[in-house]
Amino acid sequence: MLHLDGRDLRLSPLIERKERLAELLANAPAAIRYGERLAGDGPAVLRQACKLGVEGIVSKRVDAAYVPGNRGIWTKAKCLARQEFIVVGWTEPKGGRQGLGVLLLGYYDAGGLLVYAGRVGSGMTDQELTDLVARLRPLAVTHMPLAQPPAHETRFGSPLELSRIHWVRPELVVEARFSTWTADGLLRQTVYQGLREDKPASEVRLERPSPSARPGRRA
């Protein structure tokens, strides 16, 4: 526990604790780095953070004391991106959900290969779920249109049962909002935004993600 002039440092404002921490870490090993305080234009800091490919920023009032377990004094601001993707398949709904479970998404890489990008299941109304199934059923194919099959399991989301996927011709384009790309090249925290009737599937490419956010290729 840190103390300053006989007082519990946790009860001091954030800026005072940061100054004390900087003193303590002045001669720390290279593996330990002090996080500088960024004050001022929060939106500008968030924009810069998003350009660097991070998920967002966390902020706190400089006059706030430390309260164990109270996360309400912190404010999180996430970087959210939007992009078009090609629907390559869909899964059956579970529980009380109607229409479909999730849409499987993809995009064409520089070599013209159709690459799996992840899935989206949230953000759809009941009517949209019904309409999407009606649009997708006529596009059904027996063979997977992707260059490589998606992984059965990932760090995020439930396991993907390939035997229960309905593959479709890569013709339908949708727009999705997402927070970031995972290390294995999949979308994270996706939300359905709607159909894109104005963009052919053949033109769907990655929209120049930053180097740190660029999807990786699986072996």
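**Exercise 1. Determine whether T190 is buried or exposed, and describe its surroundings.**

*Solution.* T190 has a relative accessible area of 11%, and because buried means under 20%, T190 is buried. The structure is a predicted model, and every value below is computed from it. The next step is to place the residue: T190 belongs to the loop that runs between β11 (187-188) and β12 (191-195). Its side chain reaches the backbone oxygen of R119 at a distance of 2.7 Å. R119 also appears among the contacts of T190; with neighbours within four places in sequence left aside, these are R119, V120, S122, R177 and F178.

The loop between β11 and β12 also holds Q189. Q189 is partly exposed, at a relative accessible area of 38%. Its backbone deserves attention, since Q189 is not a glycine and yet has a positive phi of about 55°.

**Exercise 2. State how many helices and strands the protein chain has, and characterise the chain as a whole.**

*Solution.* The count gives three helices and twelve strands. Of the 219 residues in the protein chain, 33% are buried. The accessible surface comes to about 13,400 Å², and carbon and sulfur atoms account for 52% of that surface. For the contacts, one takes those between residues at least 6 apart in sequence; 59% of these join residues at least 24 apart.

**Exercise 3. Identify which residues of helix α1 are buried, and which strand they pack against.**

*Solution.* Helix α1 spans residues 14-24, and L14, R17 and K18 are buried in it. These residues cover an arc of only 100° around the axis, so they lie on the same side of α1. The general rule is that an α-helix has 3.6 residues a turn, so residues three or four places apart point the same way. The final step is to find the packing partner: the buried residues of α1 pack against β3 (56-60).

**Exercise 4. Explain how E23 and R20 are placed relative to each other in helix α1, and describe their interaction.**

*Solution.* E23 and R20 are three residues apart in helix α1, and therefore about one helical turn separates them. Their side chains meet in a salt bridge, with an N to O distance of 3.1 Å. The two partners are then assessed for accessibility. E23 counts as exposed, at 53% relative accessibility, whereas R20, at 23%, counts as partly exposed.

**Exercise 5. Trace the salt bridges of R196 to E84 and E175, and name the network to which they belong.**

*Solution.* A search of the whole structure finds eight salt bridges. One of R196's partners is E84, and the closest N and O atoms of this pair are 2.4 Å apart. E84 lies in strand β5 and R196 in the segment after β12, so the pair ties together parts that are 112 residues apart in sequence. E84 is buried, with a relative accessible area of 8%, while R196 is partly exposed, with a relative accessible area of 21%.

The side chain of R196 also meets that of E175 in a salt bridge of 3.5 Å, N to O. This pair too links distant parts of the chain, as E175 is in strand β9 and R196 in the segment after β12, 21 residues apart. E175 counts as buried at 15% relative accessibility. Salt bridges with shared partners join R82, E84, E175, R196, D198 and K199 into one network.

**Exercise 6. Locate Q83 and list the residues it touches.**

*Solution.* Q83 is found in strand β5. With 5% relative accessibility, Q83 counts as buried. The side chain of Q83 reaches the backbone oxygen of R205 at 3.2 Å. Not counting residues up to four places away in sequence, Q83 touches V174, E175, A176, F178, R205, L206 and E207.

**Exercise 7. Describe the largest nonpolar core and the contacts of L103.**

*Solution.* The largest nonpolar core has 39 residues, and L100, L103 and L105 are those with the most contacts inside it. The elements that each supply at least two residues of this core include β5 (81-91), β6 (103-108), β7 (114-120), α3 (126-136), β8 (165-167) and β9 (173-178). With neighbours within four places in sequence left aside, L103 is in contact with V87, G89, W90, G118, R119, V120, M124, L132, L136, V174 and Y192.

Methods: Residues numbered from 1 in each chain as written. Predicted model: local features only at pLDDT ≥ 70, side-chain atom pairs only at ≥ 80, totals over all residues. Heavy atoms only, no water. Helix = DSSP H or I, 4+ residues; strand = E, 2+ residues; numbered from the N terminus. Buried < 20%, exposed > 50% of the residue type's maximum accessible area, 1.4 Å probe, protein only. Polar contact = N/O pair within 3.5 Å; in protein donor to acceptor, adjacent residues only side chain to side chain. Contact = heavy atoms within 4.5 Å. Arc of directions from axis to C-beta. Core = buried A, V, L, I, M, F, W, Y, C linked by side-chain atoms within 4.5 Å. Salt bridge = Lys/Arg side-chain N within 4 Å of Asp/Glu carboxyl O. Areas by Shrake-Rupley, 256 points an atom, 1.4 Å probe, with all protein chains shown as cover.
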